[in-house]
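Work through the exercises below with the sequence and the model open. Try each task before reading its solution.

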Amino acid sequence: MTGLHNAIGITYRAPSSAKPLASTIGLQTQDYYLPPTPPESPDSGTSTSKATALTPNAERPRTLSLIYSPHGITYPYIKPYAISHLVHEAALPLTALLHSFDRVQNPWWLGGNISAGLPGGLEIAQNLLARAWISAHDGDKETSGLSVSSVKTRKYSVEEVRAMVQRGNSGAEKGNANVSTDVRVLDVGQEMLLRAT
């Protein structure tokens, strides 16, 4: 691998849902609110099914969750994070996935896969029940030089991605059959509003 494949996970829950510091450490004075602490390191040995992993905790308010992976990544790399953090924080279904649609490949001797594209993103969107999948890092790029002559790019349109996501969701497990992923390509400066449900 070229070292380009990584992801950033972000979760957010309204501050009013944080535990009061005073009650946590036994203070009798004014309550101080702190956000939840970060999760422990993911346990890659933990195993859970999609149905089990996506059972929300009804006592917690909705947590917004986002995964950003501009060059794309596959679900096995995200799974430990999903199990150890997203499930624990009741952050599923995933609010938004920012992941490439296009697959870009170099020969192995030039670094191999540059952008995982649709195959990796589709698996993440389906397993984490993404409410929105927004194309990341798929714009046209100026390329020149000897090494780029061997780059192979498979571009996927928003319609192709949407059709594959819908096809995958129609075969979803019984409890997750109502999943609908909004697939989009945003223009520069274009905004999209996502609400917690």
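## Exercise 1: The strands side by side

Strand β2 (residues 64–69) pairs with β3 in the parallel sense, over four bridges. Strands here are DSSP runs of E with at least two residues, helices are runs of H or I with at least four, and both are numbered from the N terminus. Two strands pair if DSSP finds at least two bridges between them. This is a predicted model: local features need pLDDT of at least 70, side-chain atom pairs count only at pLDDT 80 or more, and totals for chains, interfaces and linings use all residues. Residues are numbered from 1 along each chain as its sequence is written, and side-chain values use heavy atoms, with hydrogens and water left out.

**Task.** Find the bridge partners of β2 in β3, then add the other strands that pair with these two.

**Solution.**
1. Begin with isoleucine 67, which stands opposite leucine 97 in β3.
2. Go on to serine 69. Its bridge partner in β3 is histidine 99.
3. Turn to strand β1 (residues 8–12). Five bridges join β1 to β2, and the two run antiparallel. Isoleucine 8 has tyrosine 68 in β2 as its bridge partner.
4. Now take strand β6 (residues 132–135). It runs parallel to β3, joined by three bridges. Histidine 99 stands opposite serine 135 in β6.
5. Add the helix. β2, α3 and β3 make a right-handed β-α-β unit. Right-handed means that, with the strands pointing away from the viewer, the path from the first strand over the helix to the second runs clockwise.

## Exercise 2: Two faces of β2

**Task.** Which side chains of β2 point to the buried face, and which point to the other?

**Solution.**
1. Recall the rule. In a regular strand the side chains alternate between the two faces of the sheet.
2. Set the cut-offs. Buried means under 20% relative accessible area, exposed over 50%, and partly exposed in between (1.4 Å probe, protein chains only).
3. Sort the residues. Ser65, Ile67 and Ser69 point to one face and are buried. Leu64, Leu66 and Tyr68 point to the other face and are not buried.

## Exercise 3: The core

**Task.** Which helices each supply at least two residues of the largest nonpolar core?

**Solution.**
1. Define the core. It is a set of buried Ala, Val, Leu, Ile, Met, Phe, Trp, Tyr and Cys residues joined through side-chain atoms within 4.5 Å.
2. Find its centre of contacts. The largest nonpolar core has 24 residues, and Leu86, Leu97, Leu128, Trp133 and Val161 have the most contacts inside it.
3. Name the helices. α3 (75–86), α4 (117–127) and α5 (158–170) each supply at least two residues of this core. The largest share, five residues, comes from α3.
4. Follow one member. Leucine 128 touches Ile67, Tyr75, Ile78, Ala82, Leu86, Leu92, Pro93 and Leu94, leaving out residues up to four places away in sequence. Contact means heavy atoms within 4.5 Å.
5. Check α4. Nine of its eleven residues are buried. Among them are Leu118, Leu122, Ile124 and Ala125.

## Exercise 4: Loops with unusual features

**Task.** Inspect the loop between α3 and β3 (96–99), where glutamate 89 has its place. Then inspect the loop between α4 and β6, where leucine 129 lies.

**Solution.**
1. Take glutamate 89. It is buried, with a relative accessible area of 7%. A polar contact of 2.3 Å joins its side chain to that of arginine 13. Such a contact is a pair of N or O atoms within 3.5 Å; within protein, one must be able to donate a hydrogen and the other to accept it, and residues adjacent in sequence count only if both atoms are side-chain atoms.
2. Move to alanine 90, in the loop between α3 and β3. Its phi is near 50°, a positive value in a residue other than glycine. Alanine 90 counts as buried at 10% relative accessibility.
3. Stay in this loop for proline 93. A cis peptide bond joins leucine 92 and proline 93, with omega about 5°.
4. Finish with leucine 129. It has a positive phi of about 55° although it is not a glycine. Leucine 129 is buried, with a relative accessible area of 8%.
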